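Hello,

Here is the structure I promised to hand over. Please open it first; my notes follow below.

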Amino acid sequence: MSDGTVTLGIGAAAQAAASLVNTQQQIRAGERARAEQHEYERKQATARFDRELQLETGASP
(Lines give C-alpha, C1' and ligand atoms only; values in the text may rest on other atoms or scores of the structure.)
Protein backbone atom coordinates (compact mmCIF):
# COMPACT_ATOMS: atom_id res chain seq x y z
CA MET A 1 0.00 0.00 0.00
CA SER A 2 2.75 2.46 0.74
CA ASP A 3 3.98 2.23 -2.86
CA GLY A 4 0.55 3.28 -4.10
CA THR A 5 0.41 6.15 -1.63
CA VAL A 6 3.87 7.36 -2.61
CA THR A 7 3.01 7.14 -6.31
CA LEU A 8 -0.22 9.01 -5.74
CA GLY A 9 1.68 11.64 -3.76
CA ILE A 10 4.25 12.08 -6.52
CA GLY A 11 1.51 12.20 -9.17
CA ALA A 12 -0.43 14.80 -7.19
CA ALA A 13 2.73 16.85 -6.71
CA ALA A 14 3.51 16.66 -10.42
CA GLN A 15 -0.04 17.69 -11.26
CA ALA A 16 0.15 20.61 -8.83
CA ALA A 17 3.49 21.69 -10.32
CA ALA A 18 2.08 21.51 -13.85
CA SER A 19 -0.95 23.52 -12.76
CA LEU A 20 1.31 26.17 -11.21
CA VAL A 21 3.38 26.41 -14.39
CA ASN A 22 0.19 26.70 -16.47
CA THR A 23 -1.11 29.44 -14.19
CA GLN A 24 2.17 31.35 -14.45
CA GLN A 25 2.07 31.05 -18.24
CA GLN A 26 -1.50 32.37 -18.28
CA ILE A 27 -0.50 35.30 -16.08
CA ARG A 28 2.40 36.17 -18.39
CA ALA A 29 0.17 35.84 -21.46
CA GLY A 30 -2.35 38.18 -19.83
CA GLU A 31 0.38 40.69 -19.05
CA ARG A 32 1.61 40.57 -22.66
CA ALA A 33 -1.94 41.01 -23.96
CA ARG A 34 -2.51 44.02 -21.70
CA ALA A 35 0.81 45.57 -22.79
CA GLU A 36 -0.05 45.03 -26.46
CA GLN A 37 -3.52 46.52 -25.94
CA HIS A 38 -2.00 49.54 -24.18
CA GLU A 39 0.48 50.05 -27.04
CA TYR A 40 -2.32 49.75 -29.61
CA GLU A 41 -4.45 52.30 -27.74
CA ARG A 42 -1.47 54.65 -27.41
CA LYS A 43 -0.86 54.48 -31.16
CA GLN A 44 -4.56 55.09 -31.86
CA ALA A 45 -4.59 58.11 -29.55
CA THR A 46 -1.47 59.51 -31.21
CA ALA A 47 -3.01 59.06 -34.67
CA ARG A 48 -6.25 60.74 -33.51
CA PHE A 49 -4.29 63.64 -32.03
CA ASP A 50 -2.28 64.05 -35.23
CA ARG A 51 -5.46 64.06 -37.36
CA GLU A 52 -7.12 66.63 -35.10
CA LEU A 53 -4.01 68.78 -35.16
CA GLN A 54 -3.96 68.67 -38.96
CA LEU A 55 -7.61 69.70 -39.09
CA GLU A 56 -7.04 72.57 -36.67
CA THR A 57 -4.01 73.87 -38.53
CA GLY A 58 -5.51 73.32 -41.98
CA ALA A 59 -2.57 71.14 -42.99
CA SER A 60 -2.96 68.43 -45.59
CA PRO A 61 -2.68 64.81 -44.40
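How much area does the chain expose, and what share of it do carbon and sulfur atoms supply? The chain exposes about 5500 Å². Carbon and sulfur atoms supply 59% of that area. Keep in mind that this is a predicted model.

On burial: the chain has 61 residues, and buried residues make up 0% of them.

On secondary structure: there is one helix and there are zero strands. The helix, H1, covers residues 2-57.

On contacts: the structure holds one salt bridge. Its partners are the side chains of Glu39 and Arg42, at 2.8 Å from N to O. Both residues sit in helix H1. They are three residues apart there, so about one helical turn separates them.

Neither partner is buried, because the cut-off for that is under 20% relative accessible area. Glu39 has a relative accessible area of 30%, which makes Glu39 partly exposed. Arg42 is also partly exposed, with 42% relative accessibility.

Best regards

Terms used: Residues are numbered from 1 along each chain as its sequence is written. This is a predicted model: local features need pLDDT of at least 70, side-chain atom pairs count only at pLDDT 80 or more; totals for chains, interfaces and linings use all residues. Side-chain values use heavy atoms; hydrogens and water are left out. Helices (H or I, at least four residues) and strands (E, at least two) are DSSP runs, numbered from the N terminus. Buried means under 20% relative accessible area, exposed over 50%, partly exposed in between (1.4 Å probe, protein chains only). Accessible areas come from the Shrake-Rupley method with a 1.4 Å probe; for residues, only the protein chains shown count as cover. A salt bridge is a side-chain nitrogen of Lys or Arg within 4 Å of a carboxyl oxygen of Asp or Glu.
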